[in-house]
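Subject: The structure I promised

Hi,

Here is the structure we talked about, with my notes underneath. Have a look at it first, then read on.

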Amino acid sequence: ADENFSAEASKMLSEFGHDLITLQDLNLAGIKYPDEKVLKTAKKAGRCVLTFNRKDFIKLHRQGITHADIVVCTYNPDPTRLASKIHSAIKEFDRLHNQLIRIYRD
């Protein structure tokens, strides 16, 4: 999860059984770690990126930079609803690879 992503939603996704780590867990938060490096770090680890930073990560996806996946989310103040929507959206995929998944607030 990107540093701007909901800590509460991250915790809930972990409780749903997703193996989730955050930039905070990697000591990469608060240092203005570039979005492209976030994407490359996640790809190297075989992980998708969760973010509210839709504009920049959609741009990186459209530039053709390969990645393990990007889940861009519209901000939702209800972390339970957000985590549930993400869980439902990504469980449909057998394999995550170079996809852009959009999660919108109801």
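**What I found**

Let me start with a small detail: the side chains of S6 and E8 are joined by a polar contact of 3.3 Å. One thing to keep in mind is that this is a predicted model, so please read everything below as computed from that model.

S6 has a second link of this kind, since its side chain also reaches the backbone nitrogen of A9, at 3.0 Å. You will find S6 in the segment before α1, the helix that covers 7-15. Is S6 buried or exposed? Its relative accessible area is 13%, and the limit for buried is under 20%, so S6 counts as buried. Leaving out residues up to four places away in sequence, S6 touches F52, P79 and L82.

Two of those names, F52 and L82, come up again with N76. Not counting residues up to four places away in sequence, N76 touches F52, R81, L82 and R105. N76 sits in the loop between β2 (70-73) and α4 (79-90). Its relative accessibility is 8%, so N76 is buried as well. And what does the side chain of N76 reach? The backbone nitrogen of D78, at 2.9 Å.

Now for the whole chain. The protein chain has 4 helices and 3 strands, and from the N terminus on they run α-α-β-α-β-α-β. A compact globule of 106 residues would have a radius of gyration near 13 Å, and the protein chain agrees with that because its own value is 13 Å. Along the principal axes, the C-alpha trace spans about 30 × 30 × 25 Å.

A few more numbers for the chain:

- Of the 106 residues, 38% are buried.
- Among contacts with a separation of 6 or more, 56% are between residues 24 or more positions apart.
- The accessible surface is about 6400 Å², and carbon and sulfur atoms account for 48% of it.
- There are 17 positive and 14 negative side chains, with the centres of the two sets 6 Å apart.

Next, a strand residue. V49 is part of β1, which covers residues 49-51. With a relative accessible area of 3%, V49 is buried. Which residues does V49 touch, not counting those up to four places away in sequence? They are V38, L39, A42, F57, D69, I70 and V71. Of these, I70 and V71 fall within the 70-73 range of β2. If you want a distance to check in your viewer, the C-alpha atoms of V49 and L20 are separated by 9.7 Å, and these residues are 29 apart along the chain.

Last, two residues in the loop between α1 and α2. N27 is in that loop, with α2 covering 35-44, and K32 is found there too. N27 is not a glycine, yet it has a positive phi of about 55°. K32 has a positive phi of about 55° as well, and is not a glycine either. Are they buried or exposed? N27 has a relative accessible area of 66%, so it is exposed. K32 is exposed too, with a value of 76%.

That's what I have for now. Shout if anything is unclear.

Cheers

Conventions. Residues are numbered from 1 along each chain as its sequence is written. This is a predicted model: local features need pLDDT of at least 70, side-chain atom pairs count only at pLDDT 80 or more; totals for chains, interfaces and linings use all residues. Side-chain values use heavy atoms; hydrogens and water are left out. The radius of gyration is taken over C-alpha atoms; the globule rule is 2.2 Å times the number of residues to the power 0.38. Buried means under 20% relative accessible area, exposed over 50%, partly exposed in between (1.4 Å probe, protein chains only). Contact means heavy atoms within 4.5 Å. Accessible areas come from the Shrake-Rupley method with a 1.4 Å probe; for residues, only the protein chains shown count as cover. Lys and Arg count as positive and Asp and Glu as negative; His and the chain ends are not counted. The place of a charge is taken as NZ of Lys, CZ of Arg, CG of Asp or CD of Glu. A polar contact is a pair of N or O atoms within 3.5 Å; within protein, one must be able to donate a hydrogen and the other to accept it, and residues adjacent in sequence count only if both atoms are side-chain atoms.
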